[in-house]
Amino acid sequence: MSGHEAGGLKESGERFSSSGFILAAIGSAVGLGNMWKFPYITGLYGGAAFFLMFIVCMVVIGLPVLLAELAIGRGGRGSVTTSFIRLSGKKSWGAISFLSILAPFFILCFYSVVAGWTIHYAIISFTGKLYASGDYAGQFSAFIGGWLPVLWHFVSMLVTAAVIMKGVSSGIEKFNKVFIPGLIILLIVLMIRALTLEGAGEGLSFFLRPDFSKITTESALVALGHAFFSLSLGMGTMITYGAYVDKRQSLGSGALAIGAGDLVYALLAGLIIFPTSAAFGLEASQGPGLVFVALPAAFGAMPFGAFFGGLFFLLLAFAALTSTVSLLEVPVAFLKDTFGLSRNASAAIAASLIFLIGVPCALSVGGAAPGLTFGGKTLFDWFDFILSNIVLPLGGFIVTIFVGYAWKGAAEEAGLRAGWFRLWLFMVRFVAPILVILVLLYSAGIIRF
Ligand code: TRP
């Protein structure tokens, strides 16, 4: 790599190896979205039918947008704004894409809080404290209603910043190379445990046997939104990672591997959570409570539960941390690129700000600090609501318009053969932006079906 090209991301060592890139991208995609949000919304929107729609959305919209983001990153070889400006030759695209830098910054403010909860739960499960009282709901609300989540949020940001400071190849890549394969082994162990529980079959058929009458417009739109969230799209993550990808890497097969990887983790999460819930007669649609309340109840009632529970929360923490790492890299690359700051300084500044903004989020959700609830939603809920439902689809829309209409070199960078390329362009130009706008208007409450 020639060292004299403009932009901080050109430094040697700022490159993923081929397998490192795939693992890091899967690490970003696989997170609380797969193991906490996916089972909960699947439970809420009809089980297998929803799962099927999620797969369709991932293939039809998610993969084309994922490929578009990777191509923008590799073509531009810079942070999000730098890449948009370089590829279009217009400063205005830099301003438009700035949204994709703010979004991961603010997402981290609450995502890191939940990541912190999982670290806490891993520890209290291993020590057995989680199972002492038997009142899991009370224990969870006492925990999030106190100050302890702030400490764990701090720990989560500290670990994230430390990984980012190590740099792309030695930090992000090594971190993911260890945890992503480790994660799948832990999940398979837990899946075997879950599937052999008495009464597991009912949960299994809820998850895998579709009831098509449960498909509604709303559930289709939720499935689409979650495809974005789960693949880490619409917020510059995959653009930033794309900038570190080698020219020889096929982006098409990379996108396929990331999509397949993300799906496998969601599938495994479903194969753990639904059979377990069914076996213990627990509601599959209870949201945050599903992981932090129902599963501890299940673990507490099974042999070696403290061990299996600890293992589960540990892997949830790892999955969350590989995602927080990818989220923090976006503003860090921006600070480096735009202000010429060092990687360490950028990481320290971004992580400190995120920690501070996350504190009121952490305290609002359990009611520890008064006055942080507005219009029926806590500050934490507002962050999640606005970012997941509005900003993220908007970021995805910008990407499709940019690649479909503004950037002439997209074809070459994506490196697809003629037939695939035409299909991809059709998706990116027409199908994806229209569907994304529908999601956006729907989640903003402007249209109702
Ligand atoms: N995809 C991750 C998950 O499923 C979360 C995530 C990481 C994300 N980076 C992102 C979501 C960028 C949207 C955009 O938990």
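Helices, as named in these legends, are DSSP runs of at least four residues, numbered from the N terminus, and the views below show a predicted model.

**View 1. Helices that contribute to the shell around the ligand.** The helices α1 (18–29), α2 (32–44), α11 (217–230) and α15 (305–339) each provide at least two residues of the shell that surrounds the ligand. Of the 17 residues around the ligand, those that come nearest are Ala 29, Gly 33, Tyr 111, Phe 229 and Ser 232. When the residues of this shell are sorted by character, eight are nonpolar and nine are polar, while no charged residue is found among them.

**View 2. Polar atoms close to the ligand, and its enclosure.** A polar backbone atom of Phe 229 lies 2.8 Å from a nitrogen atom of the ligand, and a polar backbone atom of Ser 230 is 3.2 Å from a nitrogen atom of the ligand. On the oxygen side of the description, a polar side-chain atom of Asn 34 is found 3.3 Å from an oxygen atom of the ligand. The ligand taken alone exposes 360 Å², of which the protein buries 100%. The space that the ligand takes up is the largest cavity.

**View 3. An aromatic pair between two helices.** Across the whole structure, a search finds 32 aromatic pairs, including the one formed by Phe 84 and Phe 402, which is tilted, with 4.4 Å from centre to centre and 45° between the planes. Phe 84 belongs to helix α4 (residues 80–88) and Phe 402 to helix α17 (residues 379–406), so the pair ties together parts that are 318 residues apart in sequence.

Key: Residues are numbered from 1 along each chain as its sequence is written. This is a predicted model: local features need pLDDT of at least 70, side-chain atom pairs count only at pLDDT 80 or more; totals for chains, interfaces and linings use all residues. Side-chain values use heavy atoms; hydrogens and water are left out. A residue is near a molecule or strand if one of its heavy atoms lies within 4 Å of it. A polar contact is a pair of N or O atoms within 3.5 Å; within protein, one must be able to donate a hydrogen and the other to accept it, and residues adjacent in sequence count only if both atoms are side-chain atoms. Accessible areas come from the Shrake-Rupley method with a 1.4 Å probe; for residues, only the protein chains shown count as cover. On a 1 Å grid over the protein atoms alone, a cavity is a set of points where a 1.4 Å probe fits but cannot get out, and a pocket is an open set with protein on both sides within 12 Å along at least five of seven lines; lining residues have an atom within 4 Å of a point. A molecule sits in a cavity or pocket if more than half of its atoms lie within 2 Å of its grid points. Ala, Val, Leu, Ile, Met, Phe, Trp, Tyr, Cys and Pro count as nonpolar, Asp, Glu, Lys and Arg as charged, and the others, Gly among them, as polar. Rings of Phe, Tyr and Trp (its six-membered ring) pair if their centres lie within 6.5 Å; planes under 30 degrees apart count as stacked, over 60 as edge-to-face and the rest as tilted.
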